[in-house]
2 protein chains.
Amino acid sequence: MRHIRTNGPRSRAAIAAATGLHKTTVSSLVEELLSRRLVRELGMDHSGAAGRPGRGIALSPHVGAVGIEVNVDYLAVHGSDLAGRTVYEHRTGFAGAGRDVERCLDEITAAAHRALTHLRDRGVAPIGVTVAVPGLIDVTRGVVVLAPNLGWHEVPIVDRLAHSLPDQLWIGVDNDANLAALAEHTSGVAAGTDDLVYLTGEVGVGAGVILGGRLLRGADGFCGEIGHMTVEPGGDVCGCGRTGCWETKVGLAELVRRVTPDAAYGLERGPLPDPQDRVAEVARRLAAGDRVARHAVTDVGTWLGLGSAILVNLFNPRTIVLGGYFAALAEHIIPAAQAALARRAVANPVSRCHFVASRLGFTAAARGGAGVVLDRVIEHPTTVSVPAPAAVVARVPGPLPTPAVPAPAVPVR
Amino acid sequence: MRHIRTNGPRSRAAIAAATGLHKTTVSSLVEELLSRRLVRELGMDHSGAAGRPGRGIALSPHVGAVGIEVNVDYLAVHGSDLAGRTVYEHRTGFAGAGRDVERCLDEITAAAHRALTHLRDRGVAPIGVTVAVPGLIDVTRGVVVLAPNLGWHEVPIVDRLAHSLPDQLWIGVDNDANLAALAEHTSGVAAGTDDLVYLTGEVGVGAGVILGGRLLRGADGFCGEIGHMTVEPGGDVCGCGRTGCWETKVGLAELVRRVTPDAAYGLERGPLPDPQDRVAEVARRLAAGDRVARHAVTDVGTWLGLGSAILVNLFNPRTIVLGGYFAALAEHIIPAAQAALARRAVANPVSRCHFVASRLGFTAAARGGAGVVLDRVIEHPTTVSVPAPAAVVARVPGPLPTPAVPAPAVPVR
């Protein structure tokens with residue numbers, strides 16, 4: 001399955017020639033995967049790498065997965081199949097902050113049901129759902145340990161969703177930056193780069209890291225918790241109570257405080273307006289040639305480069321993909337960041353790591369969530385057996401729960 | 001092969017039951033591996049997980065690999081087989097610093113030949129050799145980009161060894177901390193821990209990182225270059241010319257300078273005595289209750305914890321294994337390090353990462369070097385075909401080169 005995913009549909013003979021496995025072994029594996037409906041046969045393959053032409057074997061479009069990104073003000077939902085097609089995409093308004101967790105979970109469950117039904121109606125059997133959450137996630141227990149911006153603490157989201165969704169589904173939860181990194185790797189600006197760091201910049205700063213084509217997780221799924229990395233011992237006090245955290249240097253709150261001290265944009269002055277509005281205001285002042293804004297953004301770039309040098313020394317990525325507000329202000333931030341990185345990273349002359357702005361926008365983490373499930377199918381095909389279409393329909397449980405609050409549909413950008 | 005390595009020898013039926021593969025698929029794979037001599041048949045397996053008892057399939061003891069650690073004052077050589085036995089172990093004095101690179105390479109080649117001959121004489125066909133070097137290694141090109149303590153720059157060690165060793169061998173080079181981490185993972189204090197960071201502390205500080213049971217390499221094999229991670233911008237000037245590098249806080253030179261300002265142990269005062277002598281002097285003063293020594297070691301522990309907090313935030317390991325001088329002074333360093341880690345690491349309450357001192361001593365990196373080759377056999381078995389014993393002997397090339405300088409044998413500790 002890995003070989004077909006990487007190289008596209010192939011005949012059994014071509015697979016045997018390329019992998020070095022015996023033809024009988026390949027035939028035996030293919031029969032098993034066909035019986036599990038994880039691959040399908042196409043027409044004759046005349047590409048002729050080796051041996052007689054045979055029917056091409058391709059990954060199945062009848063197997064799919066769903067990803068849901070939970071954010072402070074939206075839910076983004078994505079469904080795709082093993083063959084790589086996007087089957088479903090949807091963004092819904094969501095009041096995530098400071099609300100009753102149970103009602104949030106009801107809305108997430110309802111969004112999952114809508115996506116799963118959509119896939120099944122198109123003949124795609126969903127294998128699982130991954131939820132992307134900004135925070136510390138215990139992937140083993142399936143628990144959101146801490147999501148400060150949502151106000152969640154120890155939320156057993158996987159158990160909760162498993163209770164309401166069909167038994168056969170894999171349900172998972174992961175950090176939003178982890179999943180966005182995965183999406184960048186498969187279909188974003190860094191597609192084809194096997195060693196990358198994805199940085200998301202909002203009030204908090206997070207990272208997802210892919211090395212050797214694999215998402216790093218660590219012992220508890222906490223890899224890439226870079227926001228509170230100490231970059232200046234004894235520096236400014238962070239919201240977390242520590243001093244000199246990277247977030248105090250490159251987080252959006254600090255930038256907004258410096259650029260617009262005149263406006264009511266400080267954390268101290270009550271609820272913040274939408275992050276995009278704040279970034280737009282910074283961009284307006286930069287465009288108007290505001291010196292204060294230019295200095296502040298250059299400082300952010302320099303500290304971004306200094307912290308990224310630590311990431312480069314530790315992870316040795318080829319590319320650092322900038323998401324969140326970093327992407328929106330990339331042209332102003334990247335020059336200073338690249339200069340600081342060159343000064344601070346030991347291996348820079350050789351590794352030539354460079355910054356690049358993300359272009360996936362809001363779909364990145366949800367897209368990555370579906371991808372995680374599909375990767376798991378490819379790594380552990382013997383744990384999956386996709387029923388015939390009739391049986392798929394029969395498996396749908398009783399009536400779907402109605403969302404507690406009707407969620408307004410927002411067009412996907 | 002992965003299943004057998006993890007679970008021990010198994011019958012075909014037991015493998016089929018445990019992996020979920022069809023019995024015919026398992027039989028086909030086993031036949032192929034038997035024909036390549038990568039597995040062998042044992043007596044009947046009556047463990048009876050499933051099905052009728054059958055002959056056990058085990059990894060072959062006829063396939064092996066060699067690892068060689070190049071250090072400033074010794075070469076450590078290790079040979080082991082697929083079945084996990086140590087077949088060869090040797091430590092040789094080596095004048096690595098400030099010498100002609102060609103003569104160093106001759107000695108390394110001779111040490112490799114001795115190990116390979118030893119393996120072949122015992123019926124073990126060597127598949128490859130990995131050389132461990134302290135420095136920046138370009139694993140793709142097989143080049144030591146920079147090894148400051150050896151004075152090496154752009155040394156194409158793989159090409160050089162490939163020229164003198166049999167054609168069929170895989171020759172590789174990797175960072176010493178990377179390979180030591182691998183050895184700790186398979187047979188050291190952290191065996192069984194799939195997420196660990198190995199820290200080696202000498203004048204320089206390096207790390208090898210294993211996550212999800214896999215060694216992290218990064219785009220160029222430079223992962224874990226932590227010595228020059230900035231921990232105090234504007235701090236002390238480092239040997240590399242940057243300021244505030246972690247090495248200026250936790251490197252052996254700084255500790256020795258603080259503990260023994262009275263002795264001729266500074267970098268400024270000419271050649272340093274053996275690192276072990278310097279560490280022993282620090283340990284003597286600690287044992288004698290020397291206050292200066294105690295303060296200095298506590299400071300090292302605190303900075304070790306602060307820097308390790310960055311590693312914990314980024315890598316989320318379960319264990320940090322301390323090698324080099326950190327291991328020798330572990331009882332004095334760990335308490336302060338653990339306290340600083342608890343204060344600085346975001347996920348510490350959940351991830352419960354702890355420090356532990358290495359016990360592999362001098363064999364770690366060489367052991368890991370052999371392990372890398374054997375892992376590659378298990379990951380890519382179809383690229384390997386082990387000839388029958390007679391053919392192995394026939395493959396040995398002409399007379400072995402004599403080492404340029406007769407190397408005194410040093411007993412392995």
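The following exercises, each with a worked solution, concern strands in a predicted model.

**Exercise 1.** Determine which strands of the open sheet in chain B stand at the edges.

*Solution.* Begin with the order of the sheet, which is β8-β9-β10 in chain B, with antiparallel pairing. Next, consider the partners: β8 (136-138) and β10 (152-155) of chain B each have a single partner strand, so one side of each is left without a neighbour in the sheet, and these two strands stand at the edges. From one strand to the next, the twist averages 15°. Finally, examine one pairing in detail. Three bridges connect β8(B) with strand β9 (residues 143-147) of chain B in the antiparallel sense, and Leu136(B) has Leu146(B) in β9(B) as its bridge partner.

**Exercise 2.** Establish whether the residues of strand β13 (residues 205-211) of chain A are buried or exposed, and which way they point.

*Solution.* A residue counts as buried when its relative accessible area is under 20%. By this criterion, seven of the seven residues of β13(A) are buried. Now separate the two directions: Val205(A), Ala207(A), Val209(A) and Leu211(A) point one way, while Gly206(A), Gly208(A) and Ile210(A) point the other way.

**Exercise 3.** Describe how β13(A) is joined to β12(A) and to β14(A).

*Solution.* Take strand β12 (residues 196-201) of chain A to begin with: six bridges join it to β13(A), and the two run antiparallel. Gly201(A) stands opposite Val205(A), and three residues lie between the strands of this hairpin. Turn then to strand β14 (residues 214-215) of chain A, which is joined to β13(A) by two bridges, again antiparallel. Here Ile210(A) stands opposite Leu215(A). The hairpin of β13(A) and β14(A) has two residues between its strands, and Gly212(A) takes a positive phi near 60°.

Methods
Residues are numbered from 1 along each chain as its sequence is written. Chains are lettered from A and ligands numbered from 1 in the order in which they are written. This is a predicted model: local features need pLDDT of at least 70, side-chain atom pairs count only at pLDDT 80 or more; totals for chains, interfaces and linings use all residues. Side-chain values use heavy atoms; hydrogens and water are left out. Two strands pair if DSSP finds at least two bridges between them. Helices (H or I, at least four residues) and strands (E, at least two) are DSSP runs, numbered from the N terminus. Axes are lines fitted to C-alpha atoms, for helices over the stretch in contact, and angles run from 0 to 180 degrees between N-to-C directions. Buried means under 20% relative accessible area, exposed over 50%, partly exposed in between (1.4 Å probe, protein chains only).
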